[in-house]
Amino acid sequence: MPGTTASARPRRSPPERCGYTDKPRTRLLSKTSIYLDYNASTPIDPSVTAAMRPYLDEAFGNPSSGHWASMPAKAALEKARSQVAVLLDCAPDEVVFTSGGSEANNLAIKGTFFALRHKGEHIVTTTVEHPAILAPCRFLEQLGAAVTYVPVDSTGRVDPEDVRRAVTPRTILISVMHANNEVGTIHRRAGTESALLAVGLGAACALAGDLEPMARVRVLRDRTRCRRVSATVSHSTGTLSTAFPTRSAFRSSA
């Protein structure tokens with residue numbers, strides 16, 4: 001009515017309307033939490049941290065610079081290269097350090113294609129590779145590469161015979177991951193270098209040479225496998241289900 005003032009109706013804040021409050025959330029992690037995503041990222045072993053520390057605090061020179069500050073970093077880089085070579089059973093000059101997996105995959109796939117395209121243009125890989133493999137392959141297809149994407153079965157495994165049948169006289173590269181980064185399936189097998197990262201990798205490779213801790217890992221793996229009650233993983237947002245492109249689906253779409 002004229003001359004009167006209506007009391008303001010209290011408005012709920014957007015978070016409240018959506019069912020949320022400003023109350024602090026309970027921490028998702030606790031001392032009893034079990035971390036199982038080691039394929040994505042792992043805590044650094046204390047011995048690896050100790051090996052890397054000097055190259056954070058003191059020996060920070062660029063190993064490629066050639067002056068006095070680069071000498072400790074260069075020496076550490078070559079030591080790490082030798083440590084990786086020992087683990088891989090190869091020569092040190094066969095080890096090339098990159099900034100990460102995506103760069104390494106691009107270097108290997110594109111480098112092989114450009115170096116050997118006079119011998120062939122065919123590449124064999126699988127339908128479940130990491131995007132850092134599939135994207136370079138798609139890119140090379142635009143430049144004339146012929147890529148065969150071998151499918152997997154219902155468990156995510158690739159049949160080595162399918163890979164063998166895909167090989168032609170024009171095949172210059174076969175790229176098949178050993179362990180799938182999403183579901184953990186293990187397949188059967190037929191610029192400027194960073195001193196800091198190389199030292200950490202070298203120390204990790206030296207540590208990997210000691211297989212004694214793996215005995216405990218195998219025990220935990222077998223125990224978990226025995227207690228597994230379902231292959232379905234439930235989350236608060238729903239149920240996660242994974243489907244793989246099977247050989248029959250691959251043939252039907254061809």
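**A three-stranded parallel sheet and the helices around it**

Ten helices and five strands make up the secondary structure of the protein chain. The model is a predicted one. Of the 254 residues in the protein chain, 24% count as buried. The accessible surface of the protein chain comes to about 18600 Å², and carbon and sulfur atoms account for 57% of that area.

A good place to start is the sheet. Three strands, in the order S2-S1-S3, form an open sheet with parallel pairing. Strands S2 and S3 (171-174) stand at the edges with a single partner strand each, so one side of each has no neighbour in the sheet. From one strand to the next, the twist averages 25 degrees.

The pairing of S1 with S2 can be followed residue by residue. Strand S1 (residues 122-126) runs parallel to strand S2 (residues 146-150), and five bridges join the two. Between these strands the chain passes through helix H6 (residues 131-141), giving a β-α-β crossover that is right-handed. Among the bridges, threonine 125 has tyrosine 149 in S2 as its partner, while threonine 126 is matched with valine 150 of S2. As a general point, side chains in a regular strand alternate between the two faces of the sheet.

Helices come next. H6, the helix of the crossover, lies across S1 and S2 and runs at about 145 degrees to S2. Returning to the edges of the sheet, S2 and S3 each have a single partner strand. Helix H5 (residues 101-116) packs on the sheet, where it touches S1 and S3, and its direction makes about 170 degrees with that of S3.

Helix H5 spans residues 101-116, and the aromatic residues 113 and 114 deserve a closer look. By the ring-centre criterion, the count comes to one aromatic pair. The pair consists of phenylalanine 113 and phenylalanine 114, whose ring centres are 5.5 Å apart; their planes meet at 65 degrees, over the 60 degrees required, so the arrangement is edge-to-face. The two residues can also be described by their exposure. Phenylalanine 113 has a relative accessible area of 1%, which is under the 20% limit, and therefore counts as buried. Phenylalanine 114 has a relative accessible area of 42%; because this value falls between 20% and 50%, the residue is classed as partly exposed.

Technical notes:
Residues numbered from 1 in each chain as written. Predicted model: local features only at pLDDT ≥ 70, side-chain atom pairs only at ≥ 80, totals over all residues. Heavy atoms only, no water. Pairing = 2+ DSSP bridges. Helix = DSSP H or I, 4+ residues; strand = E, 2+ residues; numbered from the N terminus. Right-handed = clockwise from strand over helix to strand, strands pointing away. Buried < 20%, exposed > 50% of the residue type's maximum accessible area, 1.4 Å probe, protein only. Areas by Shrake-Rupley, 256 points an atom, 1.4 Å probe, with all protein chains shown as cover. Axes fitted to C-alpha atoms, helices over the stretch in contact; angles between N-to-C directions. Contact = heavy atoms within 4.5 Å. Phe/Tyr/Trp six-rings, centres within 6.5 Å; stacked < 30°, edge-to-face > 60°.
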